[in-house]
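This report describes strand pairing and its surroundings in two parts of one structure. The sequence and the model come first.

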Amino acid sequence: MEPTGPPQLVIVGRQNVGKSTLFNRITASRRSIVGDYPGMTRDRIRLPAKWKGKPFEVTDTGGMMFFVKEGMPALVGEQVLAAIESADHVIFVIDGRSELTPADLELARLLHRSGRDVSLAVNKCDTPALDSLPDQFVELGFRSSFGVSAEHGRGIDKLLSQATRRFPRASEEEQGPDRRPVRVAILGRPNVGKSTLLNRITGENSSIVSAIPGTTRDAVDAAVEHGGQTFVFVDTAGIRRKGKTREMAEKLSVVMAQRHLRLADVALLLVDPREGVTAQDAHIAGYAHEAGKASIVVANKWDLAVQSPTAFARQVRGQLKMLRYAPVACVSAKTGARVPSLFPLIRKAARAARRRIPTAELNRFLAELDLERVTVPGPRKPKLSYVTQVRTSPPTFVFFSSLRKPFHFGLERYLVNQIRRRFGFGGTPIVVRSKPRRRH
């Protein structure tokens, strides 16, 4: 399970110089959290990008704080060092409108020792009058320096041309739909082991792991090749109840976690079997179900559990009724036990979510349904004349019927159960809709 992927472009710098703004500019996203005070980004954030036909991945790192040997700053420093080690090119960002700090100078020395190709990005050159600012930082010793404005997009073209000059162009061969990466969002309340699971899956410390609940505020991507398929795992921040997310960064993290859930193909909902399924677990499960995502319930820390897998699965079915279609996996991210078993479950759930049933096959299925068995209010049973699948992810089916209103819950549940019995779709929600048939 070794990480694979295109060339790595890594953005580094001390706190609050505009690294995340530059990251968002290069990736054309709002992936990193951007705020007006230092320390917003603590983990490595990675997204794909392309420049003039050259695909690569961009990594946004936390702000380097030197001379701090313990606590969160030290953990962030370890992440930055690991990112530099994996980089094909490094963009070193400084604030062009402020004096160089000891942290700037120390990071420059570190980059020189690393032997990596480095481009110096002198940020906040927002107007042409400031284009000469890079000349004031020659003491840093980098040959390639560029005045840029991450906020306004000035100078980014020249910076990227230099940073990607040795990156290969993409081949014209494109992957088929079954070969495209499967995006997996790792969800759960704080401190259930999401970062530990990501680190176990990738075999590297991609995400900061500590005993402090809520260590991950942003989301961290890691690409893994397994069985000829690429999986992109996203370790999201622990989702708390809204009333307990008072800090601005924490509130933004919840919003970003929900956004990355919407972008994912499969959600892994981590729960702690020692505590059982909590109300907060059900709250997060509701997010996944409402987003229409294929889901897997992962009982992490199973090495510490006292009940049987069957008993725990029964509890999950009872407490997370909205995810009855989701398989339950019992793993230990800490020891690695049964973690590889997640890959076939993820692949199966992703394929189910993307599956499309031909209309002719669906209508043969419709002709075999026994609607007399379904109890619905009203004097007459609804008549279903035609069915077609209108979308995937989640699989959505429209039944043309004699009704001019949505299906009764009992009929909707019957149709979903029969579709599952006939076609499978394990691990993914199914959406059933009613549409009045035309009258001639």
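In this predicted model, six strands form an open sheet: its 6 strands follow the order β2-β3-β1-β4-β5-β6, and the pairing is mixed. At the edges lie β2 (45–51) and β6 (145–147), each of which pairs on one side only. On average, neighbouring strands of the sheet are turned by 25 degrees against each other, direction ignored.

Helix α1 (residues 19–27) packs on this sheet and touches β1 (8–12), β2, β3 and β4 (89–95). The direction of α1 makes about 160 degrees with that of β3.

The edge strand β2 runs antiparallel to β3 (residues 54–60), and 7 bridges join the two. Within this pair, K50 has P55 in β3 as its bridge partner.

After β3 the chain enters a loop that leads to α2 (71–86), and T61 lies in this loop. Is T61 buried or exposed? With a relative accessible area of 1%, T61 counts as buried, because the cut-off for buried is under 20%. The side chain of T61 also has a polar partner: it reaches the backbone oxygen of I11 at 2.7 Å. I11 falls within the residue range of β1 (8–12).

A second set of strands lies later in the sequence, with β14 (residues 396–401) as its common member. The table lists the bridge counts and directions of its two pairings, together with the β2 and β3 pair.

| Strand pair | Bridges | Direction |
|---|---|---|
| β2 and β3 | 7 bridges | antiparallel |
| β13 and β14 | 6 bridges | antiparallel |
| β14 and β15 | 6 bridges | parallel |

Strand β14 is mostly covered, with 5 of its 6 residues buried. Strand β13 (residues 384–391) pairs with β14, and in this pairing Y386 stands opposite F400 of β14. The two strands form a hairpin, with 4 residues between them. In the turn, S393 has a positive phi of about 50 degrees.

Which strand does β14 join in parallel? The partner is β15 (residues 431–436), where V432 stands opposite F397. The connection from β14 to β15 includes helix α11 (residues 409–423), and the three elements make a right-handed β-α-β unit. Strand β14 thus takes part both in a hairpin with β13 and in a β-α-β unit with α11 and β15.

Definitions and conventions:
Residues are numbered from 1 along each chain as its sequence is written. This is a predicted model: local features need pLDDT of at least 70, side-chain atom pairs count only at pLDDT 80 or more; totals for chains, interfaces and linings use all residues. Side-chain values use heavy atoms; hydrogens and water are left out. Two strands pair if DSSP finds at least two bridges between them. Axes are lines fitted to C-alpha atoms, for helices over the stretch in contact, and angles run from 0 to 180 degrees between N-to-C directions. Contact means heavy atoms within 4.5 Å. Buried means under 20% relative accessible area, exposed over 50%, partly exposed in between (1.4 Å probe, protein chains only). A crossover is right-handed if, with the strands pointing away from the viewer, the path from the first strand over the helix to the second runs clockwise. A polar contact is a pair of N or O atoms within 3.5 Å; within protein, one must be able to donate a hydrogen and the other to accept it, and residues adjacent in sequence count only if both atoms are side-chain atoms.
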